[in-house]
Amino acid sequence: MLTPSVRYEFYMSGCHAYYHLGDDSVNFHTCDEGTISVNGINANNMFSLAKQALCGHQPVFAELSTGKKQLDEAKEMVTALNNFIDNSYNPEQAKDD
């Protein structure tokens, strides 16, 4: 017998989303509506989520504004990814997770 699936949907206008490494959670917060926290999302899952948002079939760029804030954040992400690659990649130790 198949296990029943459950789907929850919430609408939070103007929410701020962040990842918390301490409890492996993705959190969505607004001052007016409170917080929704999804636990059990490890760093590898979060990294895949970010990759999907930027490189998936329908990346966020089609709807992303191009203001100074977004462009500064994009540059910050590029720097962080380059630092991760430069500091982590060793072809002799590379392994698939």
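This report describes the main pocket, an aromatic pair and several individual residues of a predicted model.

**The largest pocket**

Rolling a probe the size of a water molecule over the atoms shows where empty space is left. In this model, the largest pocket has a volume of about 1,900 Å³. Its lining is made up of 44 residues, and those closest to the centre of the pocket are Met46, Phe47, Ala50, Lys51 and Leu54. Four elements each give two or more residues to this lining: strand S1 (16–20), strand S2 (25–30), helix H1 (43–55) and helix H2 (68–88). Helix H2 supplies the largest share, with 12 residues. By character, the lining residues of the largest pocket comprise 28 nonpolar, 10 polar and six charged.

**The aromatic pair**

A pair of aromatic rings is described by the distance of the centres and the angle of the planes. The structure holds one aromatic pair. This pair consists of Phe47 and Phe84, whose ring centres are 6.1 Å apart and whose planes stand at 45 degrees, so the pair counts as tilted. Because Phe47 belongs to helix H1 and Phe84 to helix H2, the pair ties together parts that are 37 residues apart in sequence. Phe84 is partly exposed, with a relative accessible area of 47%. Phe47 has already appeared among the residues closest to the centre of the largest pocket.

**Strand S2 and the loop before it**

Asp24 is placed in the loop between S1 and S2. Its phi is near 50 degrees, a positive value in a residue other than glycine. With a relative accessibility of 28%, Asp24 counts as partly exposed.

Ser25 is part of strand S2, and Ser25 counts as buried, at 0% relative accessibility. The side chains of Ser25 and Asn27 are joined by a polar contact of 2.9 Å. When neighbours within four places in sequence are left aside, Ser25 is in contact with Tyr18, Tyr19, His20, Ser37, Val38, Asn39 and Ile41.

Thr30 also lies in strand S2. Its relative accessible area is 8%, and Thr30 is therefore buried, the limit being under 20%. Leaving aside neighbours within four places in sequence, the contacts of Thr30 are with Met12, Ser13, Gly14 and Cys15.

**Loops on either side of helix H1**

Asn42 is found in the loop between strand S3 (34–39) and H1. The side chain of Asn42 reaches the backbone nitrogen of Asn45 at 2.8 Å. Not counting residues up to four places away in sequence, Asn42 touches Tyr19 and Asp24. The C-alpha atoms of Asn42 and Tyr19 are separated by 9.4 Å, and these residues are 23 residues apart along the chain.

Pro59 occupies the loop between H1 and H2. Residues up to four places away in sequence not being counted, Pro59 touches Ala53 and Leu54. Between the C-alpha atoms of Pro59 and Ala74, which are 15 residues apart along the chain, the separation is 14 Å.

**Accessibility of selected residues**

The table lists the relative accessible area of residues discussed above.

| Residue | Relative accessible area | Class |
|---|---|---|
| Ser25 | 0% | buried |
| Thr30 | 8% | buried |
| Asp24 | 28% | partly exposed |
| Pro59 | 30% | partly exposed |
| Asn42 | 33% | partly exposed |
| Phe84 | 47% | partly exposed |

Note on methods: Residues numbered from 1 in each chain as written. Predicted model: local features only at pLDDT ≥ 70, side-chain atom pairs only at ≥ 80, totals over all residues. Heavy atoms only, no water. 1 Å grid on protein atoms, 1.4 Å probe; cavity = no way out; pocket = protein on both sides within 12 Å on 5 of 7 lines; lining within 4 Å. Points joined across faces, edges and corners; volume = space filled by probe spheres on them. Nonpolar A, V, L, I, M, F, W, Y, C, P; charged D, E, K, R; others polar. Buried < 20%, exposed > 50% of the residue type's maximum accessible area, 1.4 Å probe, protein only. Polar contact = N/O pair within 3.5 Å; in protein donor to acceptor, adjacent residues only side chain to side chain. Contact = heavy atoms within 4.5 Å. Phe/Tyr/Trp six-rings, centres within 6.5 Å; stacked < 30°, edge-to-face > 60°.
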